[in-house]
Amino acid sequence: MQEITKIVITGGPCAGKTTAMSRIQNEFSQIGYAVLFIPETATELIGGGVAPWTCGTNAQYQECQLLLQIEKEKIFEKAAKAMSAEKVLIVCDRGILDNKAYMTEEEFADVVSRAEGNEVEFRDQYDAAFHLVTAAKGAEEAYTLANNAARTETPEQAAEVDDRLISAWTGHPHLRVIDNATGFDEKMYRLVAEIASFLGEPEPLEIERKYLVRYPDISWLESLPNCQRVEIIQTYLHSANDDEVRVRQRGMDGNYVYYKTTKRRISGLKRIELEKRLTKEEYLASLMDADTTKRQIRKTRYCLMQDGRYIEIDLYPFWKDKAILEIELSSEDDEIVLPEGIELIREVTEDDEYKNANLAKI
């Protein structure tokens with residue numbers, strides 16, 4: 001079976017995307033991937049004379065950019081399917097949700113509607129999103145406009161754009177932020193390592209810590225600029241062995257995407273995790289194999305970014321005084337800092353009582 005994975009490399013101005021593309025090509029072609037790159041659409045359009053300042057309005061320009069991005073991705077996906085390679089990695093130099101950072105919420109909703117789609121589908125069609133933080137945040141001495149004629153932002157503007165881009169992609173199930181805490185070479189290494197980990201080279205590992213916290217202030221959460229609400233329905237399926245198999249409906253406002261996940265634990269914090277995107281029809285068919293000894297889990301998830309860490313807070317309808325907070329890590333030694341507005345009860349990473357599979361027991 002051919003495996004086609006589509007990822008996004010996004011980030012603020014002067015973040016290192018050009019170098020990142022070269023590193024990705026070198027690293028992953030060496031381990032058997034056919035690597036395809038979809039060029040940055042904004043650079044193509046602006047270089048050709050189509051820009052926010054040449055179109056009637058910024059929203060009209062952003063619609064042109066979004067529509068071209070959609071068509072380019074369709075072509076690359078079609079080409080990937082025609083290839084003989086067993087593993088194909090499609091790398092998008094920015095994705096559809098990048099447009100959101102340059103529009104108001106109302107403008108983006110209108111453009112998405114006219115493109116006959118919705119935000120959840122456009123965001124979550126990518127298997128993973130990797131955000132490179134602009135040099136204007138933490139590596140100011142390296143910030144330059146010299147290597148991209150389409151770039152016009154001052155360092156202050158670049159930092160603002162970077163924040164808006166992170167906010168735009170927040171809510172994606174596999175978002176990683178690569179900051180400037182290390183030198184540039186190490187930054188590129190960390191990006192490649194994150195992609196390799198996601199792809200499962202040599203195996204897909206998930207490292208996370210889980211905390212029981214006091215029920216948060218919802219109005220405070222929803223006021224945060226980098227916080228996104230997601231509705232989740234999770235159903236456990238029968239399994240012939242000790243694997244945990246589930247299907248999940250994930251999205252908001254009536255727009256959903258569907259996944260099937262198989263998990264196998266190999267140590268206290270590490271587990272093998274295989275995930276497959278499903279069509280709505282495949283998802284509905286899989287529900288016929290639901291494990292009726294377990295209830296369907298419904299929860300509201302708030303996704304937010306803090307200091308480069310992706311944090312998920314799950315609220316369950318049967319709890320009014322507590323919630324579950326999870327942080328995904330790249331290393332078991334990573335330092336954990338919870339958001340200031342969250343009150344910790346205790347860590348429950350290895351406490352089976354608070355695992356979804358246990359919460360689902362009738």
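Mentor: A residue is called buried when its relative accessible area is under 20%, exposed when that area is over 50%, and partly exposed in between. Keep that in mind as we look at this predicted model.

Trainee: Let me try it. Is Phe 318 buried, exposed or partly exposed?

Mentor: Phe 318 has a relative accessible area of 35%, so it is partly exposed. Trp 319, at 9%, counts as buried.

Trainee: Both of those are aromatic. How do I read a pair of aromatic rings?

Mentor: A pair of aromatic rings is described by two things, the distance of the centres and the angle of the planes. When the planes are over 60 degrees apart, the pair counts as edge-to-face. The model has eight aromatic pairs by this rule. Take Tyr 126 and Trp 169: their ring centres are 5.5 Å apart and their planes stand at 70 degrees, so they make an edge-to-face pair.

Trainee: Where in the chain do Tyr 126 and Trp 169 lie?

Mentor: Tyr 126 is in the loop between α5 and β4, and Trp 169 is in helix α6, so look for them 43 residues apart; the pair links distant parts of the chain. Tyr 126 counts as buried, with 0% relative accessibility, and Trp 169 is also buried at 0%.

Trainee: And what kind of pair do the rings of Phe 318 and Trp 319 make?

Mentor: Their centres lie 5.6 Å apart and their planes are at 80 degrees, so this pair is edge-to-face. Phe 318 and Trp 319 belong to one aromatic cluster together with Tyr 316 and Tyr 354.

Trainee: Which charged residue lies over the face of Phe 318?

Mentor: That is Arg 295, at 5.7 Å from the ring centre. You can find a similar arrangement at Tyr 236, where Lys 294 lies over the ring face, 5.1 Å from the centre.

Trainee: Let's turn to helices. Why do residues three or four places apart point the same way?

Mentor: An α-helix has 3.6 residues a turn, so residues with that spacing point the same way. Try helix α4, which covers residues 105-114: Phe 108, Val 111 and Val 112 are buried there. Looking down the axis of α4, you find its buried residues within an arc of 100 degrees, so they line one face of the helix.

Trainee: What covers the buried residues of α4?

Mentor: The covering elements include α3 and α5. After α4, stop at Glu 116 in the loop between α4 and α5. Glu 116 has a positive phi of about 60 degrees, although it is not a glycine. Its relative accessible area is 76%, so it is exposed.

Trainee: Which other residue has a positive phi although it is not a glycine?

Mentor: Arg 94 does, with a phi of about 75 degrees. You will find Arg 94 in the loop between β3 and α4. Arg 94 has a relative accessible area of 13%, so it is buried.

Trainee: Last topic: how do side chains point in a regular strand?

Mentor: They alternate between the two faces of the sheet. In strand β5, residues 175-178, Leu 175 and Val 177 point one way, while Arg 176 and Ile 178 point the other way, and all are buried.

Trainee: How many bridges join β4 to β5?

Mentor: Four bridges join them, and the two strands run parallel. To see how they line up, find Leu 132, which stands opposite Ile 178 in β5.

Note on methods. Residues are numbered from 1 along each chain as its sequence is written. Side-chain values use heavy atoms; hydrogens and water are left out. Buried means under 20% relative accessible area, exposed over 50%, partly exposed in between (1.4 Å probe, protein chains only). The arc is that of the directions from the helix axis to the C-beta atoms. Contact means heavy atoms within 4.5 Å. Rings of Phe, Tyr and Trp (its six-membered ring) pair if their centres lie within 6.5 Å; planes under 30 degrees apart count as stacked, over 60 as edge-to-face and the rest as tilted. A charge sits over a ring if NZ of Lys or CZ of Arg is within 6 Å of the ring centre and within 35 degrees of the ring normal. Two strands pair if DSSP finds at least two bridges between them.
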